[in-house]
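Here is a short report on one protein chain. Keep the sequence and the model at hand while reading.

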Amino acid sequence: MLSNDELAALIDVGVESRSIEFKGPGSTSSTEFVAVVARACIALANQRDGGHVVIGVADNDPGGRNGGLDETQMAEWSNYDVVLAKVNAFADPPLGLAIGSRELPGGQQVIVIEVAEFAEIPILSAKEYSGKIVRGQLYTRSMAKPESSASNTQNELREVLALATEKQLQNFIRTARNAGLSTSGDPSDAEQFAAESAAFIAQPVASGVANEPQISTVIRPERYQMELLHFENLRPIVADNAVRLRGWPFPFVRNVVFGDRWAAEAQVETHPEVWGMHQSGQFIAVKPLPGGYGPDWDGFRDASTDGPYLPIWFPVAFIFESLLFASRLQKAIAASESLHARFAVDGAQGWELVTADPRRGGFHSSYRLGTEHWERTVAVEPGLIDDDLQRIAAETSRDLLLRFGWTGVTTDVIRGLQDEMFR
């Protein structure tokens with residue numbers, strides 16, 4: 001996503017490019033204007049690395065002197081779900097979009113739509129509107145001048161075909177690897193993500209959690225692309241999508257440090273955690289398990305508890321907040337694709353599960369974790385709503401709590417606990 005500084009530099013240049021299209025002010029309620037924006041998005045998606053549409057800067061005023069959107073227009077174009085639905089009504093297959101609000105050098109507010117290159121096959125226009133967009137057309141960005149056009153030269157068509165061929169070859173290789181067939185001997189996507197995750201945990205920033213009993217999540221795209229995200233966007237992506245349900249955000253973003261291709265932070269007080277966001281789109285978060293809780297609302301230690309113990313709310317809250325964050329991350333970095341969210345608990349074999357309320361449904365005995373390592377992976381798909389995420393989080397939490405021997409736990413019990421914590 002373009003930063004304010006990058007946008008200012010483009011305004012200084014004063015012209016569009018193959019990867020940048022300016023559109024003057026307009027409303028999402030204007031089908032004609034949305035059709036023009038959709039045509040630009042389709043054309044950008046059909047080239048390598050996609051591009052950006054800036055709404056609020058007219059192409060006849062690229063210096064932005066008279067640019068900007070009013071409050072109503074900003075509110076309309078900031079509504080991700082509405083914009084995605086309206087623009088994708090003109091696209092087949094759907095476009096991958098990210099939306100951000102930005103500020104021109106003069107202080108005016110604009111919207112930037114980041115358009116990802118097509119995922120598998122080129123994008124065609126899905127319907128027609130008043131000559132602004134024609135159904136079934138392949139729009140591209142002209143190499144001769146910065147415009148979105150269906151009058152493709154052989155060079156523009158060759159570029160689209162080459163990109164589509166690469167995508168199909170990547171899909172073939174990925175399918176072959178998933179089927180257990182050897183390809184070139186290169187590491188698979190999963191292996192590259194795993195190596196990146198292991199390298200991060202070995203960094204000094206993660207030293208406080210590396211060998212501690214812990215709960216963790218790893219959220220990643222399906223395909224490994226070393227520089228999927230711009231380095232300068234790593235911190236804003238985490239901060240803008242952080243979940244704030246209990247007063248303390250997940251992840252906590254304040255004193256961020258930077259590595260070669262990652263941004264990270266370690267918290268050692270109040271709510272210890274380490275998180276890292278990589279340019280590949282992989283996010284890692286690790287929380288040490290509590291070494292002993294005082295009088296919090298669902299962590300009172302029972303007098304009979306011997307040895308380390310885990311309050312029920314701790315993994316339930318972590319899994320729920322992580323999934324909400326993963327869903328926001330999916331919209332921000334991979335709008336048309338699924339992300340994988342892997343949850344794990346390590347080093348807690350023999351820890352006792354405790355609750356402040358022993359009357360909680362099905363809680364009748366002493367329950368201890370029977371395994372040294374537990375993990376489950378779920379898909380975070382496009383279009384999931386909060387109720388879907390709450391259900392998936394409850395099912396994942398139940399899978400963990402069953403490993404303590406708590407056979408009476410149900411998803412309804414866990415959803416009730418979620419409602420108590422986050423109401």
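Where is Pro-251 found? Pro-251 sits in the loop between helix H7 (234-241) and strand E10 (257-258). The model is predicted, and what follows is read from it.

## Cis peptide bonds

Pro-251 is joined to Phe-250 by a cis peptide bond, with omega about -10°. Another cis peptide bond links Asp-92 and Pro-93, and there omega is about -5°. Pro-93 also has a loop position, between strand E3 (91-92) and strand E4 (97-103).

## Overall make-up

The chain holds 10 helices and 18 strands. Of its 423 residues, 49% are buried. Take the contacts with a separation of 6 or more: 69% of them are between residues 24 or more positions apart.

## Nonpolar cores

The largest nonpolar core has 58 residues. Phe-283, Leu-329 and Leu-401 have the most contacts inside it. Helix H8 gives this core its largest share, 13 residues. A second, separate core has 34 residues, including Ala-43, Leu-84, Val-87 and Phe-90.

What does Leu-329 touch, leaving aside its neighbours within four places in sequence? The contacts are Ile-219, Ile-237, Met-277, Gly-281, Phe-283, Ala-334 and Leu-339. Phe-283 thus appears on this list and among the core residues with the most contacts.

## The second largest pocket

This pocket encloses about 400 Å³ of space. Its lining has 24 residues. Nearest the centre lie Asp-81, Ser-327, Lys-331, Leu-384 and Ile-385. By type, the lining divides into 13 nonpolar, 6 polar and 5 charged residues.

Which helices each supply at least two lining residues? They are helix H4 (80-88), helix H8 (313-333) and helix H9 (386-402). H8 makes the largest contribution to the lining, with 6 residues. H8 also supplies the largest share of the 58-residue core.

## Two buried polar side chains

Ser-27 lies in the loop between strand E1 (20-23) and helix H2 (31-45). Is Ser-27 buried or exposed? Ser-27 counts as buried because its relative accessible area is 18%, under the 20% cut-off. Its side chain makes polar contacts with two other side chains: Ser-29 at 2.7 Å and Glu-76 at 2.8 Å. Not counting residues up to four places away in sequence, Ser-27 touches Phe-33, Val-34, Glu-76 and Trp-77. Glu-76 is therefore both a polar partner of Ser-27 and one of the residues on that contact list, by the 4.5 Å contact cut-off.

Asp-399 is in helix H9. Asp-399 has a relative accessibility of 18%, so it is buried too. A polar contact of 2.8 Å joins its side chain to that of Trp-374. Beyond four places in sequence, Asp-399 touches Trp-374 and Arg-376.

## Positive phi outside glycine

Asp-49 is not a glycine, yet its phi is positive, about 70°. Asp-49 lies in the loop between H2 and strand E2 (51-55). Is Asp-49 buried or exposed? Asp-49 counts as exposed because its relative accessibility is 66%, and exposed means over 50%.

Ser-130 has a positive phi as well, about 45°, and is not a glycine either. Its place is the loop between strand E6 (124-125) and strand E7 (140-141). With a relative accessible area of 58%, Ser-130 is exposed.

Notes:
Residues are numbered from 1 along each chain as its sequence is written. This is a predicted model: local features need pLDDT of at least 70, side-chain atom pairs count only at pLDDT 80 or more; totals for chains, interfaces and linings use all residues. Side-chain values use heavy atoms; hydrogens and water are left out. Helices (H or I, at least four residues) and strands (E, at least two) are DSSP runs, numbered from the N terminus. Buried means under 20% relative accessible area, exposed over 50%, partly exposed in between (1.4 Å probe, protein chains only). A polar contact is a pair of N or O atoms within 3.5 Å; within protein, one must be able to donate a hydrogen and the other to accept it, and residues adjacent in sequence count only if both atoms are side-chain atoms. On a 1 Å grid over the protein atoms alone, a cavity is a set of points where a 1.4 Å probe fits but cannot get out, and a pocket is an open set with protein on both sides within 12 Å along at least five of seven lines; lining residues have an atom within 4 Å of a point. Grid points are joined across faces, edges and corners, and a volume is the space filled by probe spheres set on the points. Ala, Val, Leu, Ile, Met, Phe, Trp, Tyr, Cys and Pro count as nonpolar, Asp, Glu, Lys and Arg as charged, and the others, Gly among them, as polar. A nonpolar core is a set of buried Ala, Val, Leu, Ile, Met, Phe, Trp, Tyr and Cys residues joined through side-chain atoms within 4.5 Å.
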